[in-house]
Amino acid sequence: MSNPVTITLNNVSFQLRKDRNFDWLKEMGSVFCVFDKQDSGNISFGIQKDETKRFVKYGGAHTLEYAGDPQDAVVRLKEAIPIYEDLKHQHLINLVDHFEVEDGYALVFEWFEGKCLHPHWSFPPPAKYNDPNSPYFCYRQLSIELRLLSLNSIFSFHTVIERRRYVAADFYDGSILYDFTTNTTKICDIDYYQKKPFLNTMGRLWGSSRFMSPEEFELGASIDEITNVFNMGAIAFCLIGGELDRSYSKWDAGKELYCVALKAVERNRKDRYSSVADFYSAWKIAQQSDCTRNI
């Protein structure tokens, strides 16, 4: 790779493989942060104008962590627009604008003061798990009550996407933002969510293997609501359990919730819940049972 190019906008600097004109960003406001370590081919910015903040995701630049064609990233961004519009929800970041600019494409979202629970660029493992400044570490210090409320936000959103016939491809802890001041959870980066029917034509689909079901590695497999169930169970083990260590000793909640999560991540599809709606219904019953037992 040739020497990277350093670009400075306001007081924020970042590097690209090739130079790119970002003067259009300055017209939107002042750049106060940049997210340039993504492997998606996108680069994102925090922009402020007067009292309003926006999150701008741009495809079309030659980012350092992406070796593909920047125009592929542009196509994916454009394909994501109807997904965000179809799945508008109080726990999903809100798309407010999108447009073509500088041989690329930009999506503009409302700003959310949340921290990403998998900031691999600033807290790569093991720092993610043991650094007191890591958002994931801080999240795991929250009470189990607050974390269960957070999970309920995630599960309720995914019952909605299920009703609208979507599957949650590439959903992982990096898709979760948490505001530690308001204790609010929002979901971001749903760009790869797919409308049913959806077959695995890749072999290994997009995503983090920590959250992926066996069928997401199987060429020709159907990816559906039962796949979503596995994903939700894996998220539960990430946020209140031992992540890939799914033993009860690593679980922070009650036994009945543990059994619901364990059923969700069964390798055999037939042994899981048949839908996220069924999973979430069992989860709420178990949550109430665990709470009653602790009174």
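Where is Ala282 found? Ala282 sits in helix H8, and that helix makes a friendly starting point for a walk through this predicted model. With a relative accessibility of 19%, Ala282 counts as buried, because the cut-off for that word is under 20%. Leaving aside residues up to four places away in sequence, Ala282 touches Val260 and Tyr273. Another landmark to find from here is Glu256: 26 residues separate Ala282 and Glu256 along the chain, and their C-alpha atoms are 9.4 Å apart.

From helix H8, let us turn to the nonpolar interior. The largest nonpolar core holds 64 residues, and those that touch the most other members are Ile154, Tyr193, Leu239, Trp251 and Trp283. Many elements feed this core: helix H2 (70-86), strand S7 (104-110), helix H4 (135-140), helix H5 (144-163), strand S10 (176-179), helix H6 (225-240), H7 and H8 each supply at least two residues. Helix H6 gives the most, with 10 residues. To see the surroundings of one of these well-connected members, centre your view on Trp251. Not counting residues up to four places away in sequence, Trp251 touches Ala236, Phe237, Ile240, Gly241, Leu257, Tyr258, Ala261 and Trp283. Apart from the largest core lies another one, of 19 residues, with Leu9, Val12, Leu25 and Val56 among them.

Aromatic rings deserve a stop of their own. How many aromatic pairs does a search of the whole structure find? The search finds 28. A pair of aromatic rings is described by the distance of the centres and the angle of the planes. Take Tyr129 and Tyr136: their ring centres are 5.4 Å apart and their planes meet at 80 degrees, so this pair is edge-to-face. The two partners differ in exposure, since Tyr129 is partly exposed at 34% relative accessibility, whereas Tyr136 is buried at 4%. Tyr136 has a charged companion as well: the charged end of Lys128 sits over the ring of Tyr136, 4.8 Å from its centre.

A second edge-to-face pair is made by Phe155 and Tyr280, which qualifies because the planes stand at 70 degrees, with the ring centres 5.9 Å apart. This pair links distant parts of the chain, as Phe155 belongs to helix H5 and Tyr280 to helix H8, 125 residues apart. Phe155 is buried, with a relative accessible area of 0%, and Tyr280 is buried too, at 11%. Both rings are part of a cluster linked by ring pairs, made up of Phe155, Phe237, Tyr248, Trp251, Tyr258, Tyr273, Phe279, Tyr280 and Trp283. Here we meet Trp251 again, along with Tyr273, one of the contacts of Ala282. Over the ring of Tyr273 sits the charged end of Lys263, 4.4 Å from the ring centre.

Lys263 also leads on to the next stop, Arg272, as the two residues touch. Arg272 lies in the loop between helix H7 (255-264) and helix H8 (276-294). Is this arginine buried or exposed? Arg272 is buried, with a relative accessible area of 5%. Its side chain makes a polar contact of 2.8 Å with the side chain of Glu215. Beyond residues up to four places away in sequence, the contacts of Arg272 include Ser213, Pro214, Ile226, Thr227, Val229 and Phe230. Thr227, in turn, lies in helix H6 and is buried at 4% relative accessibility. Among the residues that Thr227 touches are Ser213 and Glu215, together with Arg269 and Arg272.

Two further places complete the tour. Pro70 is in helix H2 and is buried, with a relative accessible area of 8%. Among residues more than four places away in sequence, Pro70 touches Gly60, Ala61 and His62. Pro70 and Asp103 are 33 residues apart in sequence, and 9.6 Å separates their C-alpha atoms.

Finally, look for the open sheet of 3 strands, ordered S8-S10-S11 with antiparallel pairing. Strand S8 (115-116) and strand S11 (184-187) stand at the edges; each has a single partner strand, so one side of each is left without a neighbour in the sheet. Strands S8 and S10 are joined by 2 bridges, and Lys115 has Tyr178 in S10 as its bridge partner.

Conventions. Residues are numbered from 1 along each chain as its sequence is written. Side-chain values use heavy atoms; hydrogens and water are left out. Helices (H or I, at least four residues) and strands (E, at least two) are DSSP runs, numbered from the N terminus. Buried means under 20% relative accessible area, exposed over 50%, partly exposed in between (1.4 Å probe, protein chains only). A polar contact is a pair of N or O atoms within 3.5 Å; within protein, one must be able to donate a hydrogen and the other to accept it, and residues adjacent in sequence count only if both atoms are side-chain atoms. Contact means heavy atoms within 4.5 Å. A nonpolar core is a set of buried Ala, Val, Leu, Ile, Met, Phe, Trp, Tyr and Cys residues joined through side-chain atoms within 4.5 Å. Rings of Phe, Tyr and Trp (its six-membered ring) pair if their centres lie within 6.5 Å; planes under 30 degrees apart count as stacked, over 60 as edge-to-face and the rest as tilted. A charge sits over a ring if NZ of Lys or CZ of Arg is within 6 Å of the ring centre and within 35 degrees of the ring normal. Two strands pair if DSSP finds at least two bridges between them.
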